[in-house]
Every structure is written in structure tokens, then in C-alpha cells.
Amino acid sequence: MRCGRYRERVTSESDATPPFPTDADRRSVSHEVDLDLRSDVRLLGALLGRVLTEAGGEELLADVERLRGLVIRAYEQGGGASLDDAEALVASFGQERAEQVARAFTCYFHLSNLAEEHHRVRVLHARPATGADSLPAAVQRIVDEVGAEEAAERLRTMRFHPVLTAHPTEARRRAVASAIRRISELLAERDGAGQESVLLADNERRLLEEIDVLWRTSPLRTTRPTPLDEVRTAMSIFDQTLFQVVPRVYRMLDDWLLGADAGRVPAEAPAFLRLGSWIAADRDGNPFVTADVTKAAAAIASEHVLLGLEHVTSRIGRTLTLDAADTPASDELRELAASQERMAGQITSGIGTRAPNEPHRRVLLVVAERLAATRRDEHPLAYHRPEELLADLLVVQRSLRDGGAHRSANGELQNLIWQVETFGFHLAELEVRQHSQVHRKALADVRAGGELDEMTVEVLEVYRTIAYLQERYGVRASRRYIVSFTQSSEDIATVYALAEAALGSAEAAPVLDAIPLFETFDDLNASTRILAEMIELPPVQERLAATGRKLEVMLGYSDSSKDVGPVSATLALYDAQARISRWAAENDIELTLFHGRGGALGRGGGPANEAVLAQPPGSVEGRFKLTEQGEVIFAQYGDKTIAARHIEQMAAATLLASSPANEERNRAAAEEFADVASALDVASRRRFFELVKAEGFAPWFAQVTPMEEVGLLALGSRPARRGLSVESLEDLRAIPWVFAWTQARINLTGWFGLGSALAAVGDEERLRTAYARWPLFASMIDNVEMSLAKTDARIAASYLELGDRDDLAALVREEMELTREWVARTSGHTSILEDRPVLRRAVRLRSPYVDALSLLQLRALREVRATGSTNPDDAPHRLLLLTVNGIAAGLQNTG
């Protein structure tokens, strides 16, 4: 890597012109973009109004506008008579009108969301490519700190590894998402129409058509999606964005690294992204994920990536019309062409007839035919492994370089090579996950002899499926096996014992890397002891030897937060990472920590790149792996520009997290504020337990939130809870636990306990110092502030009144106010989100509209509670479920 040369180039250029826009430039761009955003929202809102009038008459639009005006006044006044008037209006609606109004506000949020996404793309286009948080800037900082040679090695070994997971509370139907995407495309098309009235008029007509479709599309699913439905939804993201975006990000980095030489000399940017998936592979608590389903999911993914590779290879091959006289084939290429002819003489002959003097084109078109055969599983023409394809592509690339065609060698062909390196033939590695208790029961059943239980048969079949996937698509297709609720090294040993039982011998078993998942507070504290015992297991020692002592450990954010509260969970996860990292260093292990984060703040959510930079020293080391769930997948990867930005930001943070300066900052802060951390932990946990361990808390929670009703929604393939009741929180999954509090506008899982914890520290100056110097603490305060911004005490009070426990309701209200007070004292802000004006404005603009949906949901909840109905087809249930969709869209948050 020519980092030194590029550093000189960047420096000399910056002497001539400022590398970044001035503050005046930023204000100008922001002002213009904000005007565009407001214009888009006004346009879409007006078109929605026309659609509502056409569909339901002037009366429908009038009712929507009356409610809108009342909730806006109530929000500005902080409640009072206007809120009472809004509630009375909602109560006066007939059932059909209430449903129509709920759907109208939900449609408005869908349109606002897509306008904001479009606005975000505009902002990204206006930013400099080498801004302060860009990947090139991160590389430059690493060069400055450790030198060019070490920086090159760090860049070469860097990995960003997102893992896509299905979301049990993904509230939006696929049909709705498709309609939104079409409207978004029309909005983008409108930007290119300029002032041409004919184009604008046609665009407006088509927008009206699509908004009408959105309005008339039922927001409620009639049946739950199957795991394979969820796979196909994820595939749409791959097809629309990831396949094209990933090489674009690599190319952006390579262009910066090579400067004027980019495309003329061999690429230096590494293929640093690896994609994983739990969709149709995560069977923990999901009885619908079977071995056959996992096998089918792998086939669907492989079909998509092989088709993509085939089309790209064919396209490049058709354009590679370089005559042999000017660009002669290397000996290596001629040997490859001869082997192709021996393998498929008829195909090569036909291609040769069309391109007799174009050897590179001829070879690459045969490669495309082999990819088609691979997709159809037609032997002997099919490739057996992606490494074979990569080898052929590299032969073509080297021959082009030897023949002097450097631009052809290092251009589109290099993009294809990056795609193969990133996605292989499998697209995303299917990571199997199963609960340790299931494994224990299955192994006991096997060792007991006799006829096996149905569950045991299925568990064993999973291992045979993994073996098949490795044979069909390569070992990278599926080798990670995650053990939920790992509580001892025996839970890891059981994975290998079951694999041996399934395949008949250890030699026949598939390649497996068993990954412990530490989820509860106690398991996090016991993690290093369990890991020390785990690496003594013979199968683990064998894998360590084969991989160069690489080991992966997963940390669960969701259950730990539900276990001890958000503050203690954050601190416990940090401490666990620090201990595990020290243990790995002492045992000469190359550690990858896998972060099981969710989209919501109560599940480890928040800005992921900031979270990476706040990790303990030694815990990242250029490798960051995390789950990307449901709504987060579409938010981060649904648009090409946003996807490229997200990948770049995460890669930059992954690189910077292990910089000497960042590690020293985190190390010093952890030492300086250890006493603060201890006080926060003790006080927050005590307060959290005071609430959740109170007698009767679980049924009260079900009363004051729509938790039970969420379970009636056909949201995802996995059940929302493990048991049949909410008598115990242990039976409730962490995602609906978060979702229910969010729907009630309380957001308790994001902040509860922090106010008491900060008050226990008591020293305001000390807390402000910690906020300025301690990244983990600052991130926690900022995330809680964001959570509080979406919390509404007026609306929350109405939900809390649904319960019969004034003591618990008072506890929640007191802690909410205490947290608001102490977060403001700690941050020094006079108002929520004071230093994030764009987000603050968005929240303030949205909140009154969410209030309207909350009032409709409260009406429905009161009716459901009064009648005791559990029939999801009843009118009150239908209204309630419609509002669940709308509130999720308005808050841009589910679980």
C-alpha cells in the first residue's frame, strides 16, 4: 500500500484548496437540502390528501385534519384541554372511520420516512468523499499513528461482518414495502425532471397512482411469513443494493489509495466484508426452521449470487473484445482455454466462432457458461468451489496485464473478483443457532439408545444438512454453530458429540466452529472460565490448530438488558469484552467478538459506528461482527447510497477502534471512572429489580402495554414468546419486551434505572467530566437522550392507567422524570437532543402524529380490556393492530 505517497499527495492538494467545505458551505447545503425535504413532504402530504378525499370523501380528510390540528396543539401546550379534545374526537369515530384515520396517519409516516431517506441520500451526495468519518480518512489516521507498513497490514486483515437476521416484530408487510420503494423511485425521478412541466405532471400522476395503491393495500398480514418468505425478502436487498454496492465501496477506497494510478496498476483495497445470515438457520425457539428449510434457504441464496456472478461475467466477457494481435494471451490463459475445450468442446467451439481472435473474451464467456452450469448443478461443467472460479478469473487478469491491457485487468474484472471473494457461491454464510438445553436433551436421547425423539432426529439432521451445504457450496457456506445460553464448556462439547453421532464418526462430520453465546448477566461474568475450559476440548483444539488459533465468541445484548436493566447490561458487556480480550491475548488466540445487537436502544441499538469506537482495548483488533435485524436491514441497506455509506462508516470505525489513540482513550477512561461505573451498576440494578421483581409485575406489564396483542400480529415466522403466558418474564423474548414498551410511548427498556444511577453518583461535575472523556458513558447518555426524546410522559400516563398497580405506575413515572433531570445535568444540555438539531426537529415534527395513533390505540386497548376479547378478528383488535403498524412507522422503531 502506497500510504506514504498518498499522504504526500493529500497534503499537497490540501495546501491548494480546502479538503472540506467551510461552515458557510455546510450551512448553504443544509439549507438547500432542508428546503428540498420540506418540499417533498408537502408534496407527498398533499397527494395523500387527494387520495384520501377520492377514497373516503371530504369528510375523511376533514376528520384526519381535525385530529391532526388537535394533537399538534396538545403537543405544543404539553397536554391539557387540546389532548382531551383529541381523545374525545377519537372516541366519537365509528369503527370504520377510526380504522381509516389510523391508516391515513400510517400512510403519512411511510411517505415521510421515504422523503427523509431521500433527503439523507441528498446529504450524502453533498458531502466530500474524504470527510472526517470516511474510510480514507480512517486509513490516513492509522498511517499517522502506526506508519504506512503497519497500516497496510491492518487494512489487509480488516473484516466487517454483518449478519442478517429475521425480525419477529418487523411490522411492515412486503407489499407495503414494495409500494414505498416505487414511490421513492418516483420521488428520485422527480429530481431529474427539473422544471419541465410535462415530466413533472406525468410524475405527479404516477405518484398519485402509487400512493393510492399504498392506501388501498392492507397493512396487516393475514398469515405469518414463513422462514423462506423471510429469506426471499432479504434476497431483495442483495439484488437491489449489496451485490453492486460492495465492490463500489472497495473501488472508492482503492481510488483513494492509488490516486492517479487507480485502474492502471493492481488494486490494493481488500475485500473486507463478509456477510452472514441467521434467516432460516436460527432455530432457537422457532419450530418452523427445519433442516429442509435451511437447505432450501441456502439454495435460494446460491441461486441469487450465482445468477449475479453469471450475468456480470457474461457482460464483461462480451465487452472484452481485445484482439490477440494487440493483447496476446499468456501461456497460462492458453492452457486454461485448452482445458475449457477439453471440458466443453461444443460450447467453446461456438463461442470461438463468434470471437476467433479474442482469447480473453472467449475464456471469460466459457467461465460464464460454467457459472450457469454451477447454478443448475450440472456436472462436469460446474465449478465445485468458488476458489476454482477465482483461480480462472485471476488467470484472465494476469494475462491481460501481461498483454498490456492494464485498464481492462484492473477495472470491471477486478470488481467481479471482489464480488467472488466477498460472496463466494453461498452469498451469506448460514449460521445455525440452537439452545443449549435442546442439545443436552438430544445428546441424552442419543446416548440412551432406542428410538429417538422427533426433536433429536431433527437436531441430527441439521448436522447432515451442514455437511451437504459444505459439499455443495464450500465450507464457507455454513460452519459456524452458535449455542444460545452457553453455561458451561459441556454445552460446546455437546455440539461436536452430536455432529459425530449424526454423521457416524468425527472424520465424517462437517467442519464446525462452535460459538458460545453468553446472554445473561451470570453467563457474561462466567465467560472466561467457560472459555478456558472450552479450549481444552479436543475438537476445539483441532479447530484452533487448523485456523491459526482463531476463535469467535458471541455476546447477547437483548437478554442481558432484560436480565439486569440497560445500564448494568451495558457495563457488564463492556467488562466481559475486556476480560475475554485479555484472556485471548494471554492464550495467543485471535479473537472475534460477535455482537448480538438489535435495532432498539434496549437491545444494544443506537449508532453502531460510535459503539465500535467505545469498545474496550484489544476487543476489536480490526474485526467487527454484529447482527443486523429486520427494520435495520432495510434502513441501512435498502438504498445504494445509504448502504455504501453504512459499510464505509462501519469499516472506518472497525479500523479506528484499534488505533493506539482510541485504545488509550478507552483504557484511561475505564480506569479513571471505575468508581463511577461501579456506582452506576449497583444503583441502576437495584432500581430495575425494584420494578421487574415486584410481585405481579409481569401481568401488570401485559396490562399497560399491547404486549399480548403484539403476539396476535402475523409479524414474523418465530413466536413472540417462549411460553404460553406472561407470568414470568423469562418466557418473553427480548424483542417483544422492547416492542411493547415502545408502543406504549414509555421506551422503558432504553432508560430505566439510569436516573437513579446518576443520582446515586450525585457529583454533577464528575458526571460531566465522565461525559466528556469516557466514550462508553457518553454513548450511553446520548442513546438514552434519544430514547427519552421518543418517550412521551402525557401519553405514557394513559397507558399506565390501564393497569391496577398505582405503585408500579408511580415508580415508572418517577424514574422517567429523574432520568430526564439527571441526563440533562450530565450532558449540560438545556433541552433533549440539543446538540443534534436535525434529529430533534424530526422527533418534534413526528411526535404529534404518533400521538394521534397512540390515542387510537388506547381506545382499542380499553375496548379489548373491557370485553376480555382475544379474537384478533374483532373490531377493537383490528384497530389496535393497525395502530401498531403506524406507531412503529412513526417512531421508526419496533424491537
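**A first walk through the predicted model**

Trainee: Which helix holds Ser184?
Mentor: Let's start there, remembering that this is a predicted model. The place of Ser184 is in a helix spanning residues 174-192. That helix is H7.

Trainee: Is Ser184 buried or exposed?
Mentor: Here the cut-off helps: a residue is buried when its relative accessible area is under 20%. Ser184 has 17% relative accessibility, so Ser184 counts as buried.

Trainee: Which residues does Ser184 contact, leaving aside its neighbours within four places in sequence?
Mentor: Val438 is no candidate, as its C-alpha atom is 45 Å from that of Ser184. With the neighbours within four places set aside, the contacts of Ser184 are Leu114 and Glu117.

Trainee: What about Ile351, is that residue buried or exposed?
Mentor: Ile351 sits in helix H12, residues 345-354. Outside the four places on either side in sequence, Ile351 touches Arg362, Leu365, Val366 and Glu369. Its relative accessibility is 4%, and therefore Ile351 counts as buried.

Trainee: How far apart in space are Ile351 and Ser478?
Mentor: Along the sequence, 127 residues separate the two. From C-alpha to C-alpha, the distance between Ile351 and Ser478 is 36 Å.

Trainee: Which helix gives the most residues to the largest nonpolar core?
Mentor: That core has 116 residues, and Leu67 is one of those touching the most other members. Leu67 is in contact with residues including Leu89, Phe93, Phe105 and Ala852. The helix that gives the most to the core, with 13 residues, spans residues 23-77 and is H2.

Trainee: How many residues of helix H30 are buried?
Mentor: Helix H30 covers residues 697-704. Its buried residues are Phe697, Ala698, Trp700, Phe701, Ala702 and Val704. H30 is largely enclosed by the rest of the structure, because the buried share of its eight residues is six.

Trainee: Are H28 and H35 roughly parallel or antiparallel to each other?
Mentor: The axes of H28 (residues 660-672) and H35 (residues 764-773) come within 10 Å and cross at roughly 165 degrees. Angles over 145 degrees count as roughly antiparallel. So H28 and H35 are roughly antiparallel to each other.

Trainee: How many residues of the contact of H28 with H35 are charged?
Mentor: H28 brings Arg665, Ala669 and Glu672, while H35 brings Arg766, Thr769, Ala772 and Arg773. Two residues of this contact are nonpolar and one is polar. The number that are charged is four.

Methods
Residues numbered from 1 in each chain as written. Predicted model: local features only at pLDDT ≥ 70, side-chain atom pairs only at ≥ 80, totals over all residues. Heavy atoms only, no water. Core = buried A, V, L, I, M, F, W, Y, C linked by side-chain atoms within 4.5 Å. Buried < 20%, exposed > 50% of the residue type's maximum accessible area, 1.4 Å probe, protein only. Helix = DSSP H or I, 4+ residues; strand = E, 2+ residues; numbered from the N terminus. Contact = heavy atoms within 4.5 Å. Axes fitted to C-alpha atoms, helices over the stretch in contact; angles between N-to-C directions. Parallel < 35°, antiparallel > 145°, perpendicular 65-115°, else oblique. Nonpolar A, V, L, I, M, F, W, Y, C, P; charged D, E, K, R; others polar.
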